[in-house]
Amino acid sequence: MSDPSRVRITGPLSSFAEGFATELAHQGYRPGAAANQLQLIAHLSRWLAARSIDVGSLSSVVLSEFLAARRAQGYTLWLSSRALMPFLDYLRDRGFPLPITRSEVSPTEELLARYRRYLLEARAVADTSARGYVDMVRPFVARRAVDGQLDWASLTPADVTTFVRSACRGRSTGSAQLLTTALRSLLGYLHIEGLIHRPLRAAVPSVAGSKLAGLPRAIAAAELERLLAACDRRTRTGRRDFAMLMLLARLGLRAGEVRALSLDDLDWRAGELIVQGKGNHMERLPLPPDVGEALAAYLRRGRPGTAHGRTVFVRVHAPHRPLTSGGVTNAVLAAASRAGLCAVTAHRLRHTIATQMVRAGVPLPEISQVLRHRRLLTTAIYAKLDRESLRRLARRWPGGAQ
């Protein structure tokens, strides 16, 4: 069934049917997807009625029992709690007093939520960085769970070292360094909160490696053209992805900066855009004509009218919520796959624009300004690409050719 108006809901949830259908349409659900949601709620309402359960008795336990019964009846779709989220969100947004939770919060997630608030409020860490720290230390916290509680009293320096050695196995140097940084931060928080009686940050081993090791992983100009051409600009998805790729490849934006871009950040008259960079630093950048054209094409014929909020880039499928940083990176990866390229991440496009500037003879201080590096040392890695200048600095090998 693809017509929402033909779905009949009986039982305790019938009074919500019309409003929920209207909300689904407002969020941009297509008729078929909206009908599927209504059919799921119709089944839930019938199941509640058969067991004489009213709306006020809904709980995570009741919903789990419903989903188990749905699986037992042979249904193959909409079998997880996530499928019920649109309806539960609809009830919450209207202040309906129901004891409904997305899931039972474990002690691990409860502590990580407090740690995240600490990073955001006390340390002024950017939201994307805070999420990254939390994801990195989640396995460490989960290891301390014993009988439904977190055991910090028995934590020793050896436990910390053992975890780092195990977790860093198989990781790249950069990923391992981020893990140890996040773990030191967490241990500092645990000490501040009094959960551990002595600071254990020193127990975290250092990861060997320099920020200046290796070469920036840029892609060739021809590969970049193939990447951009892999976006089918006849479709809404293609117009969105092409606009994001242009911001990444032409302005060197980070994935998080593309995700956070708001409609209010675009100054069309001045030909500029405002970028919220690391540490919540706000910068004005010129908007090149080709990037502006890509953005305008997406906003006119790609961005849904039912988009949530003011962020420029949103999900293609309903509900049209803001895109995440992972969504930006996944769009780049998908375009690279279509273009027949090896894995190309959003950050490789940032390396690409810097590499192009080095080869064009642009001085490092100017490259640092374009990339919005706060320290020139961060830009120094690109000096290794200027082979002609380095050749003049190299000393002759003893006994070599004159």
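These are my notebook entries on one chain, looked up in a model that is predicted.

**Entry 1: the chain as a whole**

I started with the secondary structure, and for this chain I noted 17 helices and 5 strands. I then turned to burial, where the chain has 402 residues and buried ones make up 41% of them. For the contacts I took pairs of residues at least 6 apart in sequence, and I found that 60% of these join residues at least 24 apart.

**Entry 2: the cavity and Arg240**

I next asked how many cavities of 30 Å³ or more the model holds. The count comes to 1 cavity, and I wrote down a volume of about 50 Å³ for the largest cavity. Its lining is made up of Arg236, Thr237, Arg240, Tyr298, Gly302, Pro304, Val314, Arg315 and Val316. Sorted by class, I have the lining of the largest cavity as 4 nonpolar, 2 polar and 3 charged residues. When I asked which element gives the largest share of this lining, I arrived at helix H10, residues 236-251, which supplies 3 residues.

I followed one of the lining residues, Arg240, and located Arg240 in helix H10. Is Arg240 buried or exposed? I entered Arg240 as buried, because its relative accessibility is 9% and the cut-off for buried is under 20%. Leaving out residues up to four places away in sequence, I listed Tyr298, Phe313, Val314, Arg315, Val316 and Leu323 as the residues that Arg240 touches. Among them, Tyr298, Val314, Arg315 and Val316 also stand in the lining of the largest cavity.

**Entry 3: the second largest pocket**

I then looked up the second largest pocket, for which I noted a volume of about 630 Å³. The second largest pocket is lined by 23 residues, and the closest to its centre are Tyr29, Arg315, His317, Ala318 and Pro319. I recognised Arg315 from the lining of the largest cavity, so I marked Arg315 as a residue that lines both spaces, given that lining requires an atom within 4 Å of a point. Helix H2 (31-50) and helix H4 each supply at least two residues of the pocket lining. By class, I have the lining of the second largest pocket as 9 nonpolar, 7 polar and 7 charged residues.

**Entry 4: aromatic pairs**

For the aromatic rings, my count came to 11 aromatic pairs. I entered Phe87 and Tyr90 as stacked, because their ring centres are 6.4 Å apart and their planes stand at 20°, and the cut-off for stacked is under 30 degrees. Both belong to helix H4, residues 85-93, where a spacing of 3 residues separates Phe87 and Tyr90 by about one helical turn. I found Phe87 buried at a relative accessible area of 1%, and Tyr90 buried at 9%.

I set beside this the pair of Tyr115 and Tyr189, which is tilted, with 5.6 Å centre to centre and 50° between the planes. Tyr115 lies in helix H5 (residues 107-121) and Tyr189 in helix H8, so I noted that the pair ties together parts that are 74 residues apart in sequence. Both Tyr115 and Tyr189 are buried. I also recorded a cluster in which ring pairs link Phe16, Phe20, Phe87 and Tyr90.

**Entry 5: Thr180 in helix H8**

I stayed with helix H8, residues 173-192, and looked up Thr180, which is found there. With a relative accessible area of 3%, I entered Thr180 as buried. I asked what the side chain of Thr180 reaches, and I found the backbone oxygen of Gln177 at 2.9 Å. Beyond the residues up to four places away in sequence, I have Thr180 touching Val164, Val204, Pro205 and Val207.

**Entry 6: Leu285 in strand S5**

My last lookup was Leu285, which lies in strand S5, residues 282-286. I entered Leu285 as buried, since its relative accessible area is 10%. Leu285 and Glu272 are 13 residues apart along the chain, and I noted 5.5 Å between their C-alpha atoms. With neighbours within four places in sequence left aside, I listed Leu253, Gly271, Glu272, Leu273, Val275 and Arg372 as the contacts of Leu285.

How values were computed
Residues numbered from 1 in each chain as written. Predicted model: local features only at pLDDT ≥ 70, side-chain atom pairs only at ≥ 80, totals over all residues. Heavy atoms only, no water. 1 Å grid on protein atoms, 1.4 Å probe; cavity = no way out; pocket = protein on both sides within 12 Å on 5 of 7 lines; lining within 4 Å. Points joined across faces, edges and corners; volume = space filled by probe spheres on them. Helix = DSSP H or I, 4+ residues; strand = E, 2+ residues; numbered from the N terminus. Nonpolar A, V, L, I, M, F, W, Y, C, P; charged D, E, K, R; others polar. Buried < 20%, exposed > 50% of the residue type's maximum accessible area, 1.4 Å probe, protein only. Contact = heavy atoms within 4.5 Å. Polar contact = N/O pair within 3.5 Å; in protein donor to acceptor, adjacent residues only side chain to side chain. Phe/Tyr/Trp six-rings, centres within 6.5 Å; stacked < 30°, edge-to-face > 60°.
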